[in-house]
Amino acid sequence: MKVLILGMDGYIGWPLACTLAREGHQIKGVDNRLRRKNVEEMGSMSAIPIVPLEDRVKKINELRSLLLQPVTMEDFDISANYKRLKKLIRSFKPEVIFHLAQQPSAPFSMKSRRKCIETHHNNVDSTLNVIYAMKEAAPLAHLITIGTMGEYGTPDVPIPEGRCEVNVGGHSTMMPFPRNAGSWYHQTKVHSTHNLRMACNHWGLRVTDIMQGIVYGTGVEATAEDELLRTRLDFDDCFGTVVNRFVVAAVLGEPLPIYGQGTQTRSLLPLQDSINCLKIVMDSNHPGGYHEINQFHEYYQIHQLAQIVSDAYREVTGEEASIIRYANPRVEKEEHLYEPECKWLKRNGYESTSSIESTVKCMIFNVLRFKKALAGFKKVIAPTVSWVDEVGTIFQLDN
Ligand SMILES: NC(=O)c1ccc[n+]([C@@H]2O[C@H](COP(=O)([O-])OP(=O)(O)OC[C@H]3O[C@@H](n4cnc5c(N)ncnc54)[C@H](O)[C@@H]3O)[C@@H](O)[C@H]2O)c1
C-alpha cells in the first residue's frame, strides 16, 4: 500500500515506518523535528541515542530490497504549509495517511500561555490542514489519527468506545461520549476529534480516530534490526511518559516520581502493541465515515506502575529503586472509577505481545547500556510544571 506518515520522526511514527517498510509498503513521511527541538528546550535528550533523521532514512533504504520504491521524508511544518502538504498528497496518492504530527505533551502545553497557544496552533491547525488536503487531493484515502484516552478524562462511569446512548425527555439517541480534557494538550486532541467527525459528516471522508492509552517501550522488532533504526525514549518531566520516565529514573538512581497519592488510573500498552494495532486499523475494511476506537491493553494506578518498575529494577540489577511523592502539580482526580472499553481491536485480532513486567525488564536492560551518558541529566526527571501557577513550587511530600 502507499502510506503517508505525518510525524514520521516521532516515538511512534518511526517504529511504524520501519515496520511498514519492512513489510514492503511504499512509505513517504513528513516531520519538522518539533519533538527533537522541544526535548532540547527541556535541557534533555533521548535516553536511547538516536541518529539524525536523514541517517535513519538512509539506513532503512539500505536494508530494503532495491526493487522497492525508497522511503522518503520531507522536513516541513504541516500546520503552516498547507500548499506543500496538498501537493505531496496529490502527487503521492496515498491509500492510507497516518496523522501523528502533534505536540503530545500535557505538561509542555501547561507551561505558559505561549506554550498553550503554540500547542493549539500546531495540533488543531495540522489536523485541519490534513483534512482539507485530503478532501482536495485524496478523498478516498483512509486517514488514521491518534487521539488519546485522556480526551475522556475520568468521568466516574464506564467509558465506551466513542458513542453512548443518551435519554432526554423520553427520547433516546446515540451521541459522542462527553469529552473532559484535563490539559491544554488534551483539549487540542478534543478539538481535533470534533473537527474530524464534522469533516466525515460533511465530506464523507474515511477516518479512524484512535483513543490511545499511554505507550511504553524502547523499540519494536523492526527497530531492533540495526542500531541506526532505534526510536527515541524521553524521560524529562514533559516528554517522558510515565513508564518510560520511571525506567530511566530507576537506571539513573533517581526516585520514581508520583504525584499525590498515585491512585490515578491510566490505560497503557507496549510500543510493539501500538504498532500492531495501527496495522490492524490500516488493514481493516473501513467503509467510510468517522470511526472511533479505544486502544490500550490494560490499566493501572500510577503507584502500581512505580512498584512494577521498582520490582523489575531489583530483579535485573539487585539494587533498590525508591519512590518519591510530590504534591500533585496537576488538577486531576486521584480517586475515580476507571472502566474503559476496548472491544473493536480485540474483535479484530489484537492480542498483547508481552506482559508489562517483561517489557519493563527489557527496557531496563536497554537503558542500562547508556547509563553513563545520561548521568548529567538527572535533574530533568523531577516535576517542574504546575497546572495552576506558571511559577508554582512543587513540594515533595513525606513518604
Ligand atoms: N506516546 C504516547 O504515549 C501517546 C499516547 C496517546 C496518544 N499519543 C499520540 O500519538 C501521536 C504520536 O505521539 P508520539 O509519542 O510519537 O509523539 P512524538 O512527538 O514523538 O511524535 C510526533 C512527531 O510529529 C512531529 N510533528 C509535530 N508537529 C508537527 C508539524 N506541525 N509538522 C510536521 N511534523 C510535526 C514531531 O517532530 C514528532 O517527530 C500524537 O498525536 C500523540 O498525541 C501518544
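Student: What makes the pair formed by a backbone N or O atom of Leu-34 and an oxygen atom of the ligand a polar contact?

Tutor: The two atoms lie 2.9 Å apart, and a polar contact is a pair of N or O atoms within 3.5 Å (within protein, one must be able to donate a hydrogen and the other to accept it, and residues adjacent in sequence count only if both atoms are side-chain atoms), so the pair qualifies. Bear in mind that this is a predicted model, in which local features need pLDDT of at least 70 and side-chain atom pairs count only at pLDDT 80 or more, while totals for chains, interfaces and linings use all residues. Residues are numbered from 1 along each chain as its sequence is written, and side-chain values use heavy atoms, with hydrogens and water left out.

Student: Which side chains place an N or O atom within that limit of an oxygen atom of the ligand?

Tutor: Among them are the side chain of Tyr-185, at 2.6 Å, and that of Lys-189, at 2.7 Å. Taken alone, the ligand exposes 820 Å², of which the protein buries 97%; these areas come from the Shrake-Rupley method with a 1.4 Å probe.

Student: What makes a residue part of the surroundings of the ligand, and which come nearest?

Tutor: A residue is near a molecule if one of its heavy atoms lies within 4 Å of it; of the 28 residues around the ligand, Tyr-11, Asp-31, Asn-122, Tyr-185 and Lys-189 come nearest. Helix 2 (34–41), strand 5 (142–148), helix 7 (184–203) and strand 9 (214–216) each supply at least two residues of the shell, where helices (H or I, at least four residues) and strands (E, at least two) are DSSP runs numbered from the N terminus.

Student: Why is Ser-386 called buried?

Tutor: Its relative accessibility is 10%, and buried means under 20% relative accessible area, exposed over 50% and partly exposed in between (1.4 Å probe, protein chains only), so Ser-386 falls in the buried class. Ser-386 sits in the segment after helix 13 (371–374), and its side chain reaches the backbone nitrogen of Val-388 at 3.2 Å and that of Asp-389, also at 3.2 Å.

Student: How do you know whether Lys-93 and Asp-156 are buried or exposed?

Tutor: With a relative accessible area of 54%, Lys-93 is exposed, whereas Asp-156, at 36%, is partly exposed. Lys-93 lies in the loop between helix 4 (82–92) and strand 4 (96–99) and, though not a glycine, has a positive phi near 55°; Asp-156, in the loop between strand 5 and strand 6 (163–168), is likewise not a glycine and has a positive phi of about 65°.

Student: How do you know that the span of helix 10 agrees with its number of residues?

Tutor: The expected span is 1.5 Å times one less than the number of residues; for the 16 residues of helix 10 (302–317) this gives 22 Å, and the end C-alpha atoms are 22 Å apart, so the two agree. Helix 10 is followed by Gly-318, whose phi is positive, near 80°.

Student: What makes the protein as compact as a globular protein of its length?

Tutor: The secondary structure comes to 13 helices and 14 strands. The radius of gyration, taken over C-alpha atoms, is 20 Å, close to the 21 Å that the globule rule (2.2 Å times the number of residues to the power 0.38) gives for 399 residues, so the protein is as compact as a globular protein of that length.
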